[in-house]
Amino acid sequence: MDHFQLKDGVLHAEDVALPDIADQIGTPVYVYSRATLERHARVFREGLKDAGKVHLAFAVKSNPNLAVLKILANQGYGADVVSGGELQRALAAGMKAEDIVFSGVGKSRAELTLGLDKAIGQFNLESEEEGQMLAEIAAARGEKASATLRVNPDVDAGTHAKISTGKAENKFGVAIDVAPDIFARLSKLEGLNLRGVAVHIGSQLQKLDPLEKCYARMGQLVSDLRAAGHEITHVDLGGGLGVPYKPEENPPSPADYGAMVARVTKGWDVTLMFEPGRVIAGNSGVMMTQVIRIKPGVNSDFVIVDAAMNDLMRPAIYDAWHHFEAVQPTGDTMTASIVGPICESSDIFAKEREVDRVQTDDLGIFRTAGAYGATMANTYNSRPLVPEVLVDGDKYAVVAERIEPATIMAAEHVPDWLK
Ligand code: LLP
């Protein structure tokens with residue numbers, strides 16, 4: 001459920017009419033709903049009510065906007081970060097250092113050091129080599145870094161290959177069969193408090209079966225590690241729960257997910273950690289765009305909009321579907337391809353799709369753009385960086401400004417010897 005609904009024939013975000021935002025801020029623009037973010041944060045937490053002691057870390061990569069992070073901090077969420085930049089954002093938004101988990105396959109020496117400087121709660125180690133480096137840096141400071149070992153359980157998450165992370169050939173974690181040996185060696189290091197294991201098999205998961213299979217393997221691993229004499233107090237089960245992108249899609253609900261987690265992890269006696277991103281932020285945001293013009297095509301018309309693949313990359317790189325709707329629908333539909341102005345054939349949001357009928361200057365939205373939307377935007381074709389707006393009831397605020405080419409050019413330099 002979200003708060004982007006028609007009222008008197010006009011799409012609203014909560015109580016704000018989207019054309020008002022377009023008039024004031026321009027398009028393209030991302031629009032987030034505070035009420036939806038808070039609702040999703042609550043529903044995810046409630047889903048895990050029978051799962052014992054739980055730690056929730058919002059996957060910052062899905063939506064790193066400071067205002068969004070602040071909302072989640074207020075909901076008691078910590079952060080799952082994968083870079084020094086995300087770490088700084090989580091802290092700036094008011095997340096507690098001890099609630100921050102540092103994931104990521106290539107944490108640099110500088111980033112590991114930053115994590116120690118800020119006294120974050122946990123590092124999820126992705127290799128023995130990384131564990132050795134962290135231990136060495138921490139020991140030299142007379143500290144012990146709390147950490148888990150990320151395991152690759154070799155489970156097919158059944159999602160798009162580019163967002164699948166738990167198969168043996170993926171670069172993430174250490175293979176589950178060698179994990180006990182690596183754990184044993186790392187746990188001896190002075191600078192580490194190796195307290196558990198972590199896993200994340202992919203994103204936009206449509207079924208619980210792969211997750212259940214993965215968690216069952218983690219349960220066995222926890223038993224094996226305990227049998228070998230290790231103390232295991234934390235297991236990080238990652239993120240990955242999918243959301244509906246099409247009205248007819250029906251991925252598992254947080255309640256179904258939580259019930260499965262409670263059943264599979266019964267008796268583990270650990271703090272369970274979660275890293276949800278998309279399930280919280282996805283349907284909390286839309287990207288609004290304006291039709292520049294309509295051009296006839298061979299199979300169907302092209303609706304050329306002012307948003308492009310640089311603003312919302314998912315269709316271009318994962319063939320992702322984002323539902324398109326007119327902001328003031330007439331009830332009539334058309335078959336059209338919705339495309340952006342960028343000079344690439346992959347700059348296409350919808351191919352020969354039946355959509356609300358729109359004309360030049362009409363506004364439309366792409367739904368489910370709150371996760372992996374603005375965060376992946378760039379300025380390709382020297383387009384401005386897309387702004388973000390947060391709605392709260394009948395008020396709204398710009399929470400990320402449109403960054404114009406002039407600002408970006410100001411950070412570029414032509415050396416004297418070229419002048
Ligand atoms: N934890 C780790 C270690 C991750 O790598 C990810 C996502 C998450 C948590 C959050 O997963 P979520 O709950 O959001 O599924 N750009 C792609 C998605 C990439 C996801 C990468 N990792 C997309 O637009 O679909």
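Gly277 is buried, because 24 other C-beta atoms lie within 10 Å; a residue is called buried if 20 or more other C-beta atoms, placed from the backbone, lie within 10 Å of its own, exposed if 12 or fewer, and partly exposed in between. This description concerns a predicted model, in which local features need pLDDT of at least 70 and side-chain atom pairs count only at pLDDT 80 or more, while totals for chains, interfaces and linings use all residues. Residues are numbered from 1 along each chain as its sequence is written.

Gly277 is found in the loop between β13 and α10. Here helices (H or I, at least four residues) and strands (E, at least two) are DSSP runs, numbered from the N terminus. If residues up to four places away in sequence are not counted, Gly277 touches Phe58, Ala59, Lys61, Ser62, Gly239 and Ala371; two residues are in contact if their C-beta atoms, placed from the backbone, lie within 7 Å.

Pro276 belongs to the loop between β13 (271-274) and α10 (278-281). Pro276 is buried, because 27 other C-beta atoms lie within 10 Å. Its contacts, not counting residues up to four places away in sequence, are Phe44, Phe58, Ala59, Gly239 and Leu241.

Both residues appear in a record: under "binding site", an unreviewed UniProt entry lists Gly240, Glu275, Pro276, Gly277, Arg278 and Tyr372. UniProt positions are given in the numbering used here, feature names are shortened, and annotations may be inferred rather than shown by experiment.

The surroundings of the ligand come next. Among the 22 residues around the ligand, those that come nearest are Ala59, Ser203, Gly239, Gly277 and Tyr372; a residue is near a molecule if its C-beta atom, placed from the backbone, lies within 6 Å of it. At least two residues of this shell are supplied by each of α10 and α11 (314-318). Domain 1 (4-32 + 282-409) and domain 2 (34-279) each provide at least three residues of the shell, the domain bounds coming from an automatic or database domain assignment.

Finally, the strands may be considered. Strands of a sheet pair through backbone hydrogen bonds, either parallel or antiparallel. Two strands count as paired if DSSP finds at least two bridges between them. Strand β15 (residues 301-305) runs parallel to strand β17 (residues 333-339), and four bridges join them; Phe302 stands opposite Ser337 in β17. With strand β18 (residues 348-356), β17 pairs in the antiparallel sense over six bridges, and Thr333 has Asp356 in β18 as its bridge partner.
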